[in-house]
Amino acid sequence: MEAMRAVQILNPSGEVTMPRPERTRVMCVANQKGGVGKTTTTVNLAVALALHGNRVLVVDLDPQGNASTGLNVPHHTGVPDVYDCLIDSVPLEEVAQAVEGIPNLWCVPATIDLAGAEIELVSVVARESRLARAIAAYPGHFDYVFIDCPPSLGLLTVNALVAAQEVLIPIQCEYYALEGLNQLIQNINLVRQHLNPKLEVSTILLTMYDRRTRLADAVEQDVRNHFGDKVLEAVIPRNVRVSEAPSYGQSVMTYDPGSRGATSYFEAAQEIAERGVKEPVSRNA
Ligand SMILES: Nc1ncnc2c1ncn2[C@@H]1O[C@H](COP(=O)(O)OP(=O)(O)O)[C@@H](O)[C@H]1O
Ligand SMILES: [Mg+2]
């Protein structure tokens, strides 16, 4: 019911479609800064695309398990999680859970066990490509796989970068936004050179935009000058409904589909979907 209501409010005429890509797009949502909107972006884009007919898998790769919380997927100790896939080679499909209330959406949760993985991975065979192998072996076909990264550049994030073709970087519109991105870009370049030649930064999303400040505008200009058309036209405003939604185990899409937060993520999802059918570059390059 909630899913149907959300679609009716966000897309009343049903005119907007989110075309399914020809091949699975594996998108790594990364930025080693915490609190820039990685998880919020992962959850809301995933829900928006799933509500419009795309088959979507979210892989929660942050031991804090915020994406699992946001999608209301059980992730207490003892629940099979992405740690089991990475360390013990348990197939992803044994761990993935259907997200309640959102057809077409599944989540591989993270429990606190994942906190140990960063160190345990060091001595595992093919430690950088554990997630890539697990995703490649998943028998179900997905249109999108979103990997929600932890706020660090360790082995978990490297696994996400090796598994993905695309990196989506959420950037918070604040003073130090671009600082620290160099390090992420360097890591992406290293992974591309040595482990995953197909990897590219395909998408930049400006988050928590506060239109009352001149600073946000300046940061937006900076980011657009620097990254050009990788930056989505849709910008996510700071919106209290967005931050309230997770405490109800919901995305803002279903929690308050009429809010500015929801409509902006809806627009961002639409742009991503359209780019995916126009320029399949990332997968063929
Ligand atoms: N557009 C927004 N408006 C208001 N609050 C937001 C918005 N985006 C994210 N938040 C809040 O900011 C905090 C950090 O966001 P989160 O997505 O968890 O970042 P990250 O995953 O990068 O650490 C969370 O409490 C989240 O609810
Ligand atoms: Mg997060």
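This report walks through the annotated domain, the two main pockets and the ligand surroundings of a predicted model.

## The annotated domain

Let's start with the record. An unreviewed UniProt entry lists residues 25–201 as "domain: AAA". In the model, helix makes up 34% of that span and strand 17%. The C-alpha atoms at its two ends are 13 Å apart.

One residue to look at here is N182, which sits in helix α8 (residues 181–194). Its relative accessible area is 56%, so N182 counts as exposed, the cut-off being over 50%. Between the C-alpha atoms of N182 and P91 there is a separation of 34 Å, and the two residues are 91 residues apart along the chain.

## The largest pocket

Now for the open spaces. The largest pocket has a volume of about 560 Å³, and 32 residues line it. Those nearest its centre are G37, T39, T40, M208 and P246. Two or more lining residues come from each of α2 (38–51), α3 (66–70), β7 (200–209), β8 (231–237) and α10 (240–244).

Helix α2 contributes the most to this lining, giving 5 residues. Sorted by class, the lining of the largest pocket holds 15 polar, 13 nonpolar and 4 charged residues.

## The second largest pocket

The second largest pocket encloses about 290 Å³ of space. Its lining consists of 17 residues, and V26, I135, A136, A163 and Q165 are the ones nearest the centre.

Two helices, α6 (130–136) and α7 (155–163), each supply at least two of the lining residues. The largest share belongs to α6, with 3 residues. By class, the lining of the second largest pocket divides into 11 nonpolar, 5 polar and 1 charged.

## Around ligand 1

Which residues come nearest to ligand 1? There are 14 residues around ligand 1, and G35, T39, T40, P237 and N239 come nearest. T39 and T40 have already appeared above, among the residues nearest the centre of the largest pocket.

Some atom-to-atom distances fill in the picture. An oxygen atom of ligand 1 lies 2.7 Å from a backbone N or O atom of G35. K38 takes part through its side chain, where an N or O atom is 2.9 Å from an oxygen atom of ligand 1. For N239, a polar backbone atom is 2.9 Å from a nitrogen atom of ligand 1.

Technical notes. Residues numbered from 1 in each chain as written. Chains lettered and ligands numbered in written order. Predicted model: local features only at pLDDT ≥ 70, side-chain atom pairs only at ≥ 80, totals over all residues. Heavy atoms only, no water. UniProt positions renumbered as here; feature names shortened; annotations may be inferred. Helix = DSSP H or I, 4+ residues; strand = E, 2+ residues; numbered from the N terminus. Buried < 20%, exposed > 50% of the residue type's maximum accessible area, 1.4 Å probe, protein only. 1 Å grid on protein atoms, 1.4 Å probe; cavity = no way out; pocket = protein on both sides within 12 Å on 5 of 7 lines; lining within 4 Å. Points joined across faces, edges and corners; volume = space filled by probe spheres on them. Nonpolar A, V, L, I, M, F, W, Y, C, P; charged D, E, K, R; others polar. Near = heavy atom within 4 Å. Polar contact = N/O pair within 3.5 Å; in protein donor to acceptor, adjacent residues only side chain to side chain.
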